Amino acid sequence: MRLLIAEDDPMLGRGLKRALQGAGYTVDLVVTGDEAMAATRVQSYALVLLDLGLPNASGLDALKALRSRRDATPVIIVTARDRPEQKVEGLDAGADDYVVKPFDLEELLARIRAHIRRREQRTSDALQAHGVRVDLAARTVTLQGAAVQVTAKEFKVLAALMRRMGQFVSKEELEGALYDDTTEVESNTIETAVYGLRRKLGSGLIVTARGLGYTIPKGA
């Protein structure tokens, strides 16, 4: 599961990154508002930790840009700005939570888990686009209303891409959806699953971009 930290304090940023990696997350660290906006445009994140006092573009600017794209990725503002009106401004701009520095690491980790859990619970049991419908509860796939038989791995890859429609999902993230930490990852598993899905559901459904991963473009 990949998180983004946008923090311009080098010591705090690196320390928080190490702590989150120790908790089992994959973590990207950026130090400017522009970098935060660029990262969220090309990469799908389970959650963003966002400082407000970023150079180039503020954290608030990055948050507003994210929400203007109707991106519902959970965002926790982590900042030294502690006045009530500043908290209200951040939450009204679309933040899901507001944590004031200095903070307790264990509490922050608990907040991260809670927001990720809530997002997963809000996910619909049925995802659909481009005539493809994925029923997460029944674990079935249909194309234009007709049932399509897919393998267990194809289903997991398709569901992961449908959940993050319009955003690129890396090969490593897709492997994380297939395997737990104790299972050895088989080579070419993702490529094989994507090939099978394209053959069964249409060659244009899944788009690949070198260095970014895979995506299902948003559409009807």
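**Exercise 1. Find the salt-bridge partner of K101 and say which parts of the chain the pair ties together.**

Solution. Work in this predicted model.
- Step 1: Look for a carboxyl oxygen within 4 Å of the side-chain nitrogen of K101. E7 supplies one: the closest N and O atoms are 2.8 Å apart.
- Step 2: Place both residues. K101 sits in the loop between β5 (97-100) and α5 (105-122), and E7 in the loop between β1 (2-6) and α1 (10-22), so the salt bridge links parts 94 residues apart in sequence.
- Step 3: Set the pair in context. The rule counts 11 salt bridges.

**Exercise 2. Inspect the backbone at P102 and at N56: which peptide bond is cis, and what is the sign of phi at N56?**

Solution.
- Step 1: Recall the background. Most peptide bonds are trans, and most residues other than glycine have a negative phi.
- Step 2: Check omega from K101 to P102. This bond is cis, with omega near -10°. P102 belongs to the loop between β5 and α5.
- Step 3: Check phi at N56. The sign is positive, with a value of about 70°, although N56 is not a glycine. N56 is in the loop between β3 (47-50) and α3 (59-68).

**Exercise 3. Compare the annotated span with the domain division: which residues does "domain: Response regulatory" cover, and how is the chain divided?**

Solution.
- Step 1: Read the record. The unreviewed UniProt entry annotates residues 2-116 as "domain: Response regulatory".
- Step 2: Describe that span. Residues 2-116 are 47% helix and 20% strand, and their end C-alpha atoms lie 11 Å apart.
- Step 3: Turn to the division. Domain 1 takes 2-125 and domain 2 takes 130-215.

**Exercise 4. Describe the interface between domain 1 and domain 2: how much area is buried, and what share comes from carbon and sulfur atoms?**

Solution.
- Step 1: Locate the two parts. Their C-alpha centres are 27 Å apart.
- Step 2: Count contacts. On domain 1, 10 residues touch 11 residues of domain 2.
- Step 3: Take the area. About 880 Å² is buried, with 38% from carbon and sulfur atoms. V42, S44 and D125 give 51% of what domain 1 buries against domain 2, more than any other three residues.
- Step 4: Check the polar links. Zero salt bridges cross the interface. Two residue pairs are in polar contact between the domains. The touching side of domain 1 holds one nonpolar, six polar and three charged residues.

Note on methods: Residues are numbered from 1 along each chain as its sequence is written. This is a predicted model: local features need pLDDT of at least 70, side-chain atom pairs count only at pLDDT 80 or more; totals for chains, interfaces and linings use all residues. Side-chain values use heavy atoms; hydrogens and water are left out. Domain bounds come from an automatic or database domain assignment. Contact means heavy atoms within 4.5 Å. Buried area is the accessible area (1.4 Å probe) that two parts lose on being put together, summed over both. A polar contact is a pair of N or O atoms within 3.5 Å; within protein, one must be able to donate a hydrogen and the other to accept it, and residues adjacent in sequence count only if both atoms are side-chain atoms. Ala, Val, Leu, Ile, Met, Phe, Trp, Tyr, Cys and Pro count as nonpolar, Asp, Glu, Lys and Arg as charged, and the others, Gly among them, as polar. UniProt positions are given in the numbering used here, feature names are shortened, and annotations may be inferred rather than shown by experiment. Helices (H or I, at least four residues) and strands (E, at least two) are DSSP runs, numbered from the N terminus.
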